[in-house]
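I pulled this one up to see how the chain is folded and what sits at the surface. Here is the model I was looking at.

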Amino acid sequence: MTKLAAKCKSIWPGFGIAAITGMAAMFLSEHYGAPAMLFALLLGMAISFLYQDDGVCKSGIDFTASTLLRAGVVLLGLRIALGDLAVLGWQTAAMLAFAIFSTIILGVVLAKSVGLQKRLGALTGGSVAICGASAALAICTILPAGKNHERDTLLTVIGVTAMSTIAMVLYPIIAGQLSMNDTQAGIFLGGTIHDVAQVVGAGYSVSQDAGDLATLTKLVRVAMLLPVVMIMMAIVKRVHSTASDVEGEVPKLPLFLVGFVALMLLNSFVSLPELVITAGTEISRFFLVVSITAIGMKSNLGKLAEVGMLPIVLIVSETIWIALLILSYLYLM
């Protein structure tokens, strides 16, 4: 009990600062209409001086950026039910799966071709393909923790959040110019925009039906997080077993992934009260925003500047790729 009290005492200052800053980010997001993740990153970076080797906030910030992050990903499982796949149809679900895996492969190939680490390509590709910042936070926990771990995560979250916000404004206009009906617009918006919140905003700006289908399509993409993470883990373990100069430790099956699957299955086979699902979703959002704040507090702006524009070019290329794939599918359908 004494050890637990001491642990809580060491964590509290850093966690408290991150939580207050995260709530400030959510307040700004609600009042100014910009993504909470972006505000959280910027505010976190503004107070990054609190993250020092001997600072009182360090252990709490580390806890928030890791453990609280995993808890937020676990609660994402409450958003998803296996029945969503049946409602959407196997053809659309198969197309989404192809778009997701091809986008990740494209990210890895492009990253290698321009001299960036393949892990950054996998991270950006998974974020663009699945669910934006939430996917970035989930994938980063199973990639080997190298010296640029936080930097790559931060770059990815900034890039996909910015692209998702642009898409939220631009894609409904494209849907209108292409004379899409509500079904086509819903699949297009839900299949291409990165973050769930931006999908909801874009979908319901078209119509109620388009918004409902866009949200459902997006949740099917979120459900792909599980197979993607499992495949990435298998690949990383194989690379580690055949190479001796790979940076970071071999990832093990994370407990947060088990929790994610458990809640997804629970939501699929048990009729949970709407209050429980809503509460879990809001808590998940809060945990992810606060953990993003902590990652921002751990960031080093100088290291971000060293990378240059290449990661942004990578994210833009992946975004264009998945948009063209979904548009091609809709045209052929």
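My notes run from the whole protein down to single elements.

**Ground rules.** I am working with a predicted model, where local features need pLDDT of at least 70, side-chain atom pairs count only at pLDDT 80 or more, and totals for chains, interfaces and linings use all residues. Residues are numbered from 1 along each chain as its sequence is written, and side-chain values use heavy atoms, with hydrogens and water left out.

**Whole protein.** I get 16 helices and 0 strands (DSSP runs numbered from the N terminus: H or I of at least four residues for helices, E of at least two for strands). Of the 333 residues, 52% are buried (under 20% relative accessible area; exposed is over 50%, partly exposed in between; 1.4 Å probe, protein chains only).

**H5.** How far apart are the end C-alpha atoms of helix H5? They are 34 Å apart, which agrees with the 34 Å expected for 24 residues (90–113) at 1.5 Å a residue, the span being 1.5 Å times one less than the number of residues. Its buried residues include Thr92, Met95, Leu96, Ile100 and Gly107. Glycine 115 follows H5 with a positive phi, near 85°.

**H7.** I checked helix H7 (residues 133–140) next, and 8 of its 8 residues are buried. Among them are Ala133, Leu137, Ile139 and Cys140.

**Leucine 82.** I found leucine 82 in the loop between helix H3 (58–75) and helix H4 (83–88). Leucine 82 counts as partly exposed because its relative accessibility is 36%.
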